[in-house]
Amino acid sequence: MEKREMTCIMCPLGCSLVVTKDGDKIEVTGNNCQRGVIFAKEELTCPMRIVTSSVKTAEGVRACKTSKPVPKAMIFDVMKEIEKLRLKKVKFGDVVIHNVLNTGADIVITANE
Ligand code: SF4
């Protein structure tokens, strides 16, 4: 039996979860809603994260992020793809990489300056 403690990051409440895994059976306590169970199960099988970074443009550096979480194991590879970009001009909401590394997530500009 495996027991882990973790903080749910699905909302600002940040519930402290205790996750017990016994074979295929996963039990979660400490969650205030069902999203905590989904988060805990995903953390044990394929943890996902939103990636935030910045893109170099001719007008300076602009903040960006993934449009949805990507596998935690791919964060550094996604950041390398973002680092390769050299753009002229971007604005809030522009998609600068579609489906980065086949994750299904786009890289989206999140600031005008
Ligand atoms: S378990 Fe629900 S209420 Fe608690 S942090 Fe996660 S999403 Fe928020």
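Hi everyone, let me start with a turn: a hairpin joins β5 to β6 through 2 residues. Before I go on, please keep in mind that this is a predicted model.

So, back to that hairpin. Strand β5 covers residues 52-57 and strand β6 covers residues 60-66, and the two run antiparallel with 6 bridges between them. If you want a pair to click on, Ser54 in β5 sits opposite Ala63 in β6.

On its other side, β5 meets β8. Here the strands run parallel, joined by 2 bridges. One of the residues to look at is Thr57, which belongs to β5 and has Leu87 in β8 as its bridge partner. Those two are 30 residues apart in sequence, yet their C-alpha atoms are 4.5 Å apart in space. Is Thr57 buried or exposed? Well, neither quite: Thr57 counts as partly exposed, because it has 16 C-beta neighbours inside 10 Å, and the buried class takes 20 or more. Once we set aside neighbours within four places in sequence, the contacts of Thr57 are Arg62, Leu87, Lys88, Lys89 and Val90.

Now follow β6 outward. Strand β10, residues 107-109, pairs with β6 in the antiparallel sense through 3 bridges, and there Lys65 faces Val108 as its opposite number.

Put those pairings together and we have the sheet. It is open, it has 5 strands in the order β8-β5-β6-β10-β9, and the pairing is mixed. Which strands stand at the edges? They are β8 (86-87) and β9 (95-97); each has a single partner strand, so one side of each lacks a neighbour in the sheet. As a reminder for reading the side chains, in a regular strand they alternate between the two faces of the sheet.

Let's move to the N-terminal end. Strand β1, residues 2-7, is joined to strand β2, residues 16-22, by 6 bridges, and the two run antiparallel. Thr7 has Ser16 in β2 as its bridge partner. Then β2 goes on to pair with strand β3, residues 25-29, again antiparallel, over 5 bridges. Val18 is opposite Thr29 in that pairing. β2 and β3 form a hairpin with 2 residues between them, and Gly23 in the turn has a positive phi of about 65°.

This end of the chain also brings us to the ligand. Which residues surround the ligand? They are Cys8, Met10, Cys11, Leu13, Gly14, Cys15, Asn31, Asn32, Cys33, Arg35 and Gly36. That shell breaks down into 6 nonpolar, 4 polar and 1 charged.

Let me zoom out to the whole chain. It contains 2 helices and 10 strands, arranged from the N terminus as β-β-β-α-β-β-β-β-α-β-β-β. The domain assignment gives domain 1 as 2-45 and domain 2 as 52-109, and the centres of these domains, over C-alpha atoms, are 29 Å apart.

What about the overall dimensions? The C-alpha trace spans about 55 × 25 × 15 Å along its principal axes. The radius of gyration is 17 Å, whereas a compact globule of 113 residues would come in near 13 Å. Buried residues account for 19% of the 113 residues. And of the contacts with a separation of 6 or more, 38% are between residues 24 or more positions apart.

That's my tour, thanks for listening!

Definitions and conventions
Residues are numbered from 1 along each chain as its sequence is written. This is a predicted model: local features need pLDDT of at least 70, side-chain atom pairs count only at pLDDT 80 or more; totals for chains, interfaces and linings use all residues. Domain bounds come from an automatic or database domain assignment. A residue is near a molecule or strand if its C-beta atom, placed from the backbone, lies within 6 Å of it. Ala, Val, Leu, Ile, Met, Phe, Trp, Tyr, Cys and Pro count as nonpolar, Asp, Glu, Lys and Arg as charged, and the others, Gly among them, as polar. Helices (H or I, at least four residues) and strands (E, at least two) are DSSP runs, numbered from the N terminus. The radius of gyration is taken over C-alpha atoms; the globule rule is 2.2 Å times the number of residues to the power 0.38. A residue is buried if 20 or more other C-beta atoms lie within 10 Å of its own, exposed if 12 or fewer, and partly exposed in between; C-beta atoms are placed from the backbone. Two residues are in contact if their C-beta atoms, placed from the backbone, lie within 7 Å. Two strands pair if DSSP finds at least two bridges between them.
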